[in-house]
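This report looks at the interface between chains, aromatic pairs and salt bridges.

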Amino acid sequence: MDIFNSLLRTLVSGICGLGADAHPMIGLTLISILTGIGMLWVFGKTSDQEAVSRTKKRLQAYLLEMRLFGDDISLVLSAQKKLITGNFRYLGLMMRPMLFLTVPLLLLLIHLDGFYGARPLPIDERAVVTLQAAGRLEANAPVPELLAPAGVHIETAGVRVMETGQVSWRIRAERPVEGSLTFRQGDTEWTKSIAAGEPFRYLSIRRVSGLWDALWHGGEDRLSEDQVEWIEIRYPAAEVPFAGIELHWLVWFFVISMLSAYLLRGRFGVTF
Amino acid sequence: MLDQKDVSGQKGRVIERFAAAAAGLCALLLPINCGGPVTNDVGKRIIVLGIDGMDPKFLERHWDQLPNLDRLRREGDFKPLATTIPPQSPVAWSSVITGLDPGGHGIHDFIHRDPYTRRPFMSMAETAAADRTLEIADWVIPLSSAEVVRHRRGEPFWPLLTAAGVPASIVRMPANFPPMGEGTRSLSGMGTPDMHGTQGTFTFFTDDPGREAGAVSGGRIVQLSAFHHSTELEIEGPVNSFRKEQPATSAVLTVNCDPEEPVVRFDLEDRSFILEEGEWSGWLRVNFPLIGPLQSVSGIFRVFLRQVRPRFELYVTPVNIDPTSPALPISMPPSYSTELADAIGLFYTQGMAEDTSALRKGALSLDEFLQQSHSVLDETRRMLRYELARFESGLLFFYISSVDQNAHMLWGRYDDELLEIYRETDKMVGEAMALIDGETTLIVMSDHGFERFDRAVHLNTVLLRTGFLTLDDPRNTGDAELFQHVDWSRTRAYSMGINSLYINRLGREEGGIVAEGEETEQTIAALREALLAFRDPDDGAQVIEELYVSEDVFETLPTEFAPDIIVGYRPPYRSSWQTPLGGVPGKTVVDNDEAWIGDHCIAPQYVPGVLLSSRAIALEDPGLPDVPVTLLKEFGVPVPEDMIGRPLF
């Protein structure tokens with residue numbers, strides 16, 4: 001899983017990182033177009049193009065039938081019935097390519113959210129770091145020691161939440177940082193990446209130890225020790241600005257990828 | 001099918017039609033935007049800083065500590081500014097807004113009363129629920145919108161400016177909720193409620209069993225049962241008017257205390273924040289659900305972790321209207337409050353942000369109150385900077401509340417702390433002075449000054465002792481509100497509000513006994529004689545300086561909501577906290593042992609405001625209604641006939 005996540009991270013960081021210093025839309029547009037092309041290719045390979053084309057033509061014919069024979073109620077009702085069943089047939093033809101597209105798209109979206117879903121800690125703003133222990137905390141158990149890289153100030157002692165087994169600290173970035181927090185308890189150490197300052201970059205909000213969790217939180221390799229379930233930094237949510245509008249990255253992604261797929265469908269000889 | 005020629009022909013016709021429609025629309029709109037008396041003075045700039053409660057005596061004592069105000073005085077002018085009768089902020093600022101005296105604008109006190117039932121209500125504005133609703137089971141569907149009813153009469157001056165093409169920004173003008181004036185940038189000020197619809201209701205959570213729980217003036221104390229490390233606190237939001245029972249909405253704030261360290265993690269909705277003992281949070285946005293996930297309202301609040309051990313104590317500010325998603329109209333245009341929040345961050349939207357109630361009720365210490373108060377001042381400074389930076393022409397009015405609210409808690413006893421507030425305000429004046437040039441005038445003004453408030457007068461008890469008010473049983477004196485034990489059939493006068501005295505008139509008040517005409521005049525004369533002769537039982541000092549009969553002192557005949565007589569106390573006296581809501585305690589005058597030690601609700605000659613200007617002031621005795629008249633004159637806009645002010649320059 002770590003190798004798989006690492007490959008996806010590298011891919012997303014490589015494409016989305018292009019021009020990120022100048023504007024996040026550059027990388028987002030690029031990966032959205034590539035995704036649109038990819039979806040088109042998969043759709044073309046996995047769908048029954050002949051059946052899709054035939055069904056679409058029939059649907060158009062039913063519509064025309066309703067328009068031409070609008071004064072014949074029995075014909076209109078019959079065309080409407082065929083239109084409904086035709087639509088279901090069309091949706092059925094979409095199912096197979098959708099099944100092929102779902103998993104890779106989901107994985108891509110998870111990793112894109114790592115890049116665009118949050119922004120690095122703003123300088124001089126406070127954030128909370130939480131370590132989730134594998135079990136309940138004991139009142140007399142020592143608190144893990146938190147060590148921060150230069151430029152990150154640990155503002156409070158760790159707050160132990162006994163019922164949930166969590167320890168939280170408040171931190172503040174004093175300057176741009178790209179490094180790791182270290183949590184030490186006895187001889188054991190855990191690390192968690194941290195980033196502060198501009199620009200957009202791949203961020204790992206939560207570093208996890210579980211295999212299933214790693215599917216959803218693939219920003220870092222899994223924690224090797226099983227005493228800790230996860231370590232999390234609450235990065236502020238981000239929106240992507242473009243032409244004076246700030247929108248969630250997903251909106252831009254879907255608009256650009258769908259638009260590019262629609263515009264390039266003829267070049268790839270794909271009907272949908 | 002249409003060929004290319006047809007299409008282009010159709011396009012041409014569409015463009016022609018669009019152009020004709022646009023021209024027609026422009027012709028229709030021109031008279032709206034550009035009609036009326038267009039002024040020739042649009043390029044002129046006037047900045048008015050309205051500094052509530054800035055006192056001329058305090059300035060005179062500290063000119064050397066206030067370099068910008070001192071320079072403004074030396075290079076321009078400085079005069080005391082006559083205040084209103086009574087010198088209360090809503091009354092005084094309404095005169096600034098309308099150019100009328102209280103008889104004209106109809107605001108006479110913080111609290112007015114229904115003349116028939118004697119029930120009190122807020123004088124500035126009230127929120128009225130939807131008058132048409134549909135009830136289905138426990139749900140209430142409004143068929144008309146709720147509205148905020150403004151009680152002030154008279155036209156504000158700034159719509160006259162904007163109608164003449166003079167841009168106007170009116171930021172935090174008191175008694176301007178909801179904000180008025182199409183085409184103006186306006187943010188409402190004093191009188192803007194919190195999400196509970198009050199002037200500010202703080203919450204203080206504690207597990208101290210010795211602390212009495214319940215509602216207190218301006219807040220509520222919530223007793224927590226003892227907890228080990230974690231507990232859930234209910235942050236109260238507005239009432240849910242979609243439910244028949246109108247229960248209060250709420251949000252959960254989870255508290256997680258470390259077992260040893262004085263540090264707490266708070267969880268609110270999907271986020272967490274950590275505070276050490278003695279720290280304030282930033283603004284927290286919270287949604288209060290009204291119809292499950294379908295409909296909610298957004299509010300903002302801050303918390304102060306006062307203590308973790310041995311007793312947990314947490315102060316929560318009043319839940320303010322979220323300026324980015326306002327539940328009530330707080331700005332004009334509606335997007336203006338969002339624009340401000342985007343530029344300077346979230347800010348207090350409630351009218352009076354400094355939490356004097358929390359200090360009075362012991363939820364904050366004086367130091368903690370000052371921290372909160374300075375944070376309000378900091379927000380105000382950022383807002384002023386933003387407005388100054390974008391100010392190009394016309395009028396910028398900007399209101400600052402900090403001097404007034406701090407003077408109430410510091411006056412005469414904590415001079416250094418109050419001077420610090422004045423210094424910070426002086427810096428803001430300096431920032432505005434940087435814009436002064438040949439085309440720009442700066443006016444700094446206040447609505448009233450300050451005096452000590454050492455002794456509290458239970459005016460209804462004075463009326464009881466002098467035979468104007470009678471109880472059902474003489475032993476029934478006490479703090480009970482709304483005249484619970486007053487025998488109206490034997491009562492000739494009563495007091496409600498801070499300075500207001502009413503005759504119990506036959507035909508006006510329920511069970512009133514004093515007839516119009518001669519009997520009323522005799523009662524007023526008798527009241528004057530008795531109250532001016534009344535002396536402090538402790539030292540024999542005169543308590544009341546003057547009584548002002550409304551019909552005599554105002555140019556416009558007052559409304560039925562106006563008091564018959566306005567009481568002008570002599571400093572250091574003021575009406576007690578029990579008097580405004582109809583309490584009749586046992587003693588007539590008591591020591592003021594509250595944290596609220598400075599006041600201005602007394603005879604107006606003791607508490608004039610200030611007027612500083614970058615230009616010489618021609619008037620010898622300027623007053624509050626002169627300010628709007630001057631602004632209109634300066635921009636060449638005709639002054640309405642009912643405005644009673646005179647030009648300052």
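Are Trp488(B) and Tyr494(B) buried or exposed? In this predicted model, both Trp488(B) and Tyr494(B) are buried.

**Aromatic residues**

Over all chains, the structure holds 28 aromatic pairs. One of them joins Trp488(B) and Tyr494(B) in an edge-to-face arrangement, with 5.2 Å from centre to centre and 80° between the planes. The angle of the planes is over 60 degrees, and therefore the pair counts as edge-to-face. In chain A, one aromatic cluster is formed by Phe115(A), Tyr116(A), Phe200(A), Trp249(A), Phe253(A) and Phe254(A).

**Interface of chain B and chain A**

Contacts between the two chains involve 20 residues of chain B and 18 residues of chain A. The buried area between chain B and chain A is about 1,400 Å², and carbon and sulfur atoms give 50% of this area. Between the two chains there are 8 residue pairs in polar contact, counted with both residues at pLDDT 80 or more.

Three strands of chain B each supply at least two residues of the side that touches chain A: E15 (248-257), E16 (263-268) and E17 (271-276). The largest share of that side, 6 residues, comes from E17(B). Sorted by class, the side of chain B that touches chain A has 8 nonpolar, 4 polar and 8 charged residues.

The count of salt bridges between chain B and chain A is 3. Glu260(B) forms a salt bridge with Arg160(A), where the closest N and O atoms are 3.2 Å apart. A network of salt bridges links Asp124(A), Arg126(A), Glu155(A), Arg170(A) and Arg172(A) of chain A with Glu279(B) of chain B.

**Salt bridges**

A search of the whole structure finds 57 salt bridges over all chains. The table gives some of them with the N to O distance.

| Acidic residue | Basic residue | N to O distance |
|---|---|---|
| Glu260(B) | Arg160(A) | 3.2 Å |
| Glu220(A) | Lys192(A) | 2.9 Å |
| Glu424(B) | Arg381(B) | 2.3 Å |
| Glu387(B) | Arg390(B) | 3.4 Å |

In chain B, the side chains of Glu424(B) and Arg381(B) meet in a salt bridge at 2.3 Å, N to O. Glu424(B) lies in helix H11 (residues 415-433) and Arg381(B) in helix H9 (residues 366-390), so this pair ties together parts that are 43 residues apart in sequence. Glu424(B) counts as buried because its relative accessible area is 11%, and Arg381(B) is also buried, at 13%.

Helix H9 of chain B also holds both Glu387(B) and Arg390(B), which are 3 residues apart, about one turn of the helix. The salt bridge between Glu387(B) and Arg390(B) has its closest N and O atoms 3.4 Å apart. Glu387(B) is buried, with 1% relative accessibility, whereas Arg390(B) is partly exposed, with a relative accessible area of 33%.

**The surroundings of Ser204(A)**

In chain A, Lys192(A) forms a salt bridge with Glu220(A), and the closest N and O atoms are 2.9 Å apart. The pair links distant parts of the chain, 28 residues apart: Lys192(A) is in strand E7, and Glu220(A) is in the loop between helix H5 (211-216) and strand E9 (228-233). Lys192(A) is buried because its relative accessible area is 0%, below the 20% limit. Glu220(A) is buried as well, with a relative accessible area of 11%.

Which side chain is joined to that of Ser204(A) by a polar contact of 2.6 Å? The partner is Glu220(A). Ser204(A) lies in the loop between strand E7 (188-196) and strand E8 (206-208) of chain A. At 4% relative accessibility, Ser204(A) counts as buried. Apart from neighbours within four places in sequence, Ser204(A) is in contact with Lys192(A), Ser193(A), Gly219(A), Glu220(A) and Tyr235(A). Both partners of the salt bridge between Lys192(A) and Glu220(A) are thus in contact with Ser204(A).

**The surroundings of Glu451(B)**

Glu451(B) is found in strand E26 (residues 451-452) of chain B. With 17% relative accessibility, Glu451(B) counts as buried. Leaving aside neighbours within four places in sequence, the contacts of Glu451(B) include Lys57(B), Trp411(B), Pro571(B), Asp599(B) and Tyr606(B). Met124(B) is 327 residues from Glu451(B) in sequence, and their C-alpha atoms are 25 Å apart in space.

Terms used
Residues numbered from 1 in each chain as written. Chains lettered and ligands numbered in written order. Predicted model: local features only at pLDDT ≥ 70, side-chain atom pairs only at ≥ 80, totals over all residues. Heavy atoms only, no water. Contact = heavy atoms within 4.5 Å. Buried area = accessible area lost by both parts, 1.4 Å probe. Salt bridge = Lys/Arg side-chain N within 4 Å of Asp/Glu carboxyl O. Polar contact = N/O pair within 3.5 Å; in protein donor to acceptor, adjacent residues only side chain to side chain. Helix = DSSP H or I, 4+ residues; strand = E, 2+ residues; numbered from the N terminus. Nonpolar A, V, L, I, M, F, W, Y, C, P; charged D, E, K, R; others polar. Phe/Tyr/Trp six-rings, centres within 6.5 Å; stacked < 30°, edge-to-face > 60°. Buried < 20%, exposed > 50% of the residue type's maximum accessible area, 1.4 Å probe, protein only.
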